[in-house]
Amino acid sequence: MEKEKTLAAFNAVMPTFAIFQDEKRQQLMIELCCKGEMTVNELTETTELSRPAVSHHLKLMLTAGVIKVRQVGVERHYSPNLAPIVKKLKALTAALEE
């Protein structure tokens, strides 16, 4: 096992692990994965969170790169950004298996 490569893989995936330590963000990600693209209002309707709370969590998730946003008029549509997450997890798994 190349220790530097493994450490780099851990460091690359840690922001993803950190963002999902919160159950509310886990819940929002599950909603997005199940239903696809959703607005803040749609997410607020499907969770017990207030609109400001949903917006706050989405902002953190967007900054961490686990979701993406598409502007449609005045509305922002959020969706999962799974490809980078999967790539980082695969790199970590490969580094650990070496």
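Helix 2 turns the exposed residues Glu-23, Ile-30 and Cys-34 away from its buried side, and that helix is a good place to enter this predicted model. The protein holds five helices and two strands, arranged along the sequence as α-α-α-α-β-β-α. Below, we start with the whole chain, move to helix 2 and helix 5, and finish with a few single residues.

**The whole chain**

- Along the principal axes, the C-alpha atoms of the protein occupy a box of roughly 50 × 25 × 20 Å.
- The protein has 98 residues, and 33% of them count as buried.
- Among contacts in the protein with a separation of 6 or more, 54% come from residues 24 or more positions apart.

**Helix 2 and its two sides**

- How far apart are the end C-alpha atoms of helix 2? They are 18 Å apart, which agrees with the 18 Å that its 13 residues should span at 1.5 Å a residue.
- The buried residues of helix 2 are Arg-25, Leu-28, Met-29, Glu-31 and Leu-32. They take up an arc of only 155 degrees around the axis, so they sit on the same side of helix 2.
- A general point helps when reading such a pattern: an α-helix has 3.6 residues a turn, so residues three or four places apart point the same way.
- Many elements meet this buried side: the buried residues of helix 2 pack against helix 1, helix 3 (40-46), helix 4 (51-64), strand 1 (67-72), strand 2 (75-80) and helix 5.
- On the face turned away from the buried side, you will find the exposed Glu-23, Ile-30 and Cys-34.

**Helix 5 and its two sides**

- Helix 5 covers residues 82-97, which makes 16 residues. From its first C-alpha to its last, helix 5 reaches 22 Å, close to the 22 Å expected at 1.5 Å a residue.
- Which residues of helix 5 are buried? They are Ile-85, Leu-92 and Ala-95. Looking down the axis of helix 5, these buried residues fall within an arc of 100 degrees, so they line one face of the helix.
- The cover over the buried residues of helix 5 includes helix 1 and helix 2 (23-35).
- Ala-83, Lys-87, Lys-90 and Glu-97 are exposed residues on the face of helix 5 turned away from its buried side.

**Where helix 1 meets helix 5**

- In general, two packed helices are described by the angle between their axes and the distance between the axes.
- For helix 1 and helix 5, the axes come within 9 Å and cross at roughly 145 degrees. The crossing of helix 1 past helix 5 is left-handed.
- Helix 1 brings Lys-5, Thr-6, Ala-9, Phe-10, Ala-12, Val-13, Thr-16 and Phe-17 to the contact. Helix 5 brings Ile-85, Lys-88, Leu-89, Ala-91, Leu-92, Ala-95 and Leu-96.
- By type, the residues in the contact of helix 1 with helix 5 are 11 nonpolar, two polar and two charged.

**Residues to look at one by one**

- Thr-16 belongs to helix 1 (residues 3-19). Is Thr-16 buried or exposed? Its relative accessibility is 5%, so Thr-16 counts as buried, the cut-off being under 20%.
- Beyond its neighbours within four places in sequence, Thr-16 is in contact with Val-66 and Ile-85. Ile-85 is itself one of the buried residues of helix 5.
- Lys-87 lies in helix 5 and is exposed, with a relative accessible area of 66%. Its C-alpha atom is separated by 29 Å from that of Ala-53, and the two residues are 34 residues apart along the chain.
- Gln-27 is in helix 2 and is partly exposed, its relative accessible area being 31%. Leaving out residues up to four places away in sequence, Gln-27 touches Thr-46 and Thr-47. From C-alpha to C-alpha, Gln-27 and Glu-37 are 15 Å apart in space, with their positions 10 residues apart in sequence.
- Ser-79 is part of strand 2. With a relative accessible area of 12%, Ser-79 is buried. Not counting residues up to four places away in sequence, Ser-79 touches Leu-32, Glu-37, Ile-67 and Lys-68. Among these, Leu-32 is one of the buried residues of helix 2.

Key. Residues are numbered from 1 along each chain as its sequence is written. This is a predicted model: local features need pLDDT of at least 70, side-chain atom pairs count only at pLDDT 80 or more; totals for chains, interfaces and linings use all residues. Side-chain values use heavy atoms; hydrogens and water are left out. Helices (H or I, at least four residues) and strands (E, at least two) are DSSP runs, numbered from the N terminus. Buried means under 20% relative accessible area, exposed over 50%, partly exposed in between (1.4 Å probe, protein chains only). Contact means heavy atoms within 4.5 Å. The expected span of a helix is 1.5 Å times one less than its number of residues. The arc is that of the directions from the helix axis to the C-beta atoms. Axes are lines fitted to C-alpha atoms, for helices over the stretch in contact, and angles run from 0 to 180 degrees between N-to-C directions. A crossing is left-handed if the near helix is turned anticlockwise from the far one by less than a right angle, and right-handed if clockwise. Ala, Val, Leu, Ile, Met, Phe, Trp, Tyr, Cys and Pro count as nonpolar, Asp, Glu, Lys and Arg as charged, and the others, Gly among them, as polar.
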